[in-house]
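Let's take a walk through a protein model together. Keep the picture in view and follow along as we go.

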Amino acid sequence: MLGNLLFEIEQTKESYSEIKDIPFVSLNSKIVSELESCLRQKYETVSITPQTSYVKTSEGLFSVFSNQ
């Protein structure tokens, strides 16, 4: 089984090594609004920027995630 996994890993590495440019994805205003509305139902602090979003958790920490 491990031999099969190693082969799959090598195949994946080869496939991704061919990717040279990752296009920027821009969220449209409707998606941003819906995302913000959904997050505000659970979190008091929400920030959505073109690349990342963050929320303040109940422990007072911030969770940051990519919009891509």
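Start with the sheet in this predicted model. It is an open sheet of 3 strands in the order 1-2-3, and the pairing is antiparallel. Strand 1 (46-48) and strand 3 (62-66) stand at the edges; each has a single partner strand, so one side of each is left without a neighbour in the sheet. On average, neighbouring strands here are turned by 10° against each other, if you ignore direction. Helix 2, made of residues 29-40, packs on this sheet and touches strand 1, strand 2 and strand 3. The direction of helix 2 makes about 160° with that of strand 1.

Now look at how the strands are joined. Strand 1 and strand 2 pair in the antiparallel sense over 3 bridges. In this pairing, Ser-47 stands opposite Tyr-54 of strand 2. The two strands form a hairpin, with 3 residues between them.

On to the next pair. Strand 2 (residues 52-56) is joined to strand 3 by 5 bridges, and these two strands also run antiparallel. Two partnerships can be picked out: Ser-53 has Phe-65 in strand 3 as its bridge partner, and Val-55 stands opposite Ser-63 in strand 3. The hairpin of strand 2 and strand 3 has 5 residues between the strands, and in it Gly-60 takes a positive phi near 85°.

Which residues of strand 2 lie on its covered face, and which on its uncovered one? Ser-53 and Val-55 make up the covered face, while Thr-52, Tyr-54 and Lys-56 make up the uncovered face. Here is a general idea to keep in mind: side chains in a regular strand alternate between the two faces of the sheet.

Finally, step back to see the whole chain. The protein's secondary structure comes to 2 helices and 3 strands, and reading along the sequence gives the pattern α-α-β-β-β. Its radius of gyration is 18 Å, well over the 11 Å that the globule rule gives for 68 residues, so the protein is more spread out than a compact globule. The C-alpha atoms fill a box of roughly 50 × 30 × 15 Å along the principal axes.

How much of the protein counts as buried? Of its 68 residues, 10% do. The protein exposes about 5900 Å², and carbon and sulfur atoms supply 57% of that area. Among contacts between residues at least 6 apart in sequence, 14% join residues at least 24 apart.

Definitions and conventions
Residues are numbered from 1 along each chain as its sequence is written. This is a predicted model: local features need pLDDT of at least 70, side-chain atom pairs count only at pLDDT 80 or more; totals for chains, interfaces and linings use all residues. Side-chain values use heavy atoms; hydrogens and water are left out. Two strands pair if DSSP finds at least two bridges between them. Helices (H or I, at least four residues) and strands (E, at least two) are DSSP runs, numbered from the N terminus. Axes are lines fitted to C-alpha atoms, for helices over the stretch in contact, and angles run from 0 to 180 degrees between N-to-C directions. Contact means heavy atoms within 4.5 Å. The radius of gyration is taken over C-alpha atoms; the globule rule is 2.2 Å times the number of residues to the power 0.38. Buried means under 20% relative accessible area, exposed over 50%, partly exposed in between (1.4 Å probe, protein chains only). Accessible areas come from the Shrake-Rupley method with a 1.4 Å probe; for residues, only the protein chains shown count as cover.
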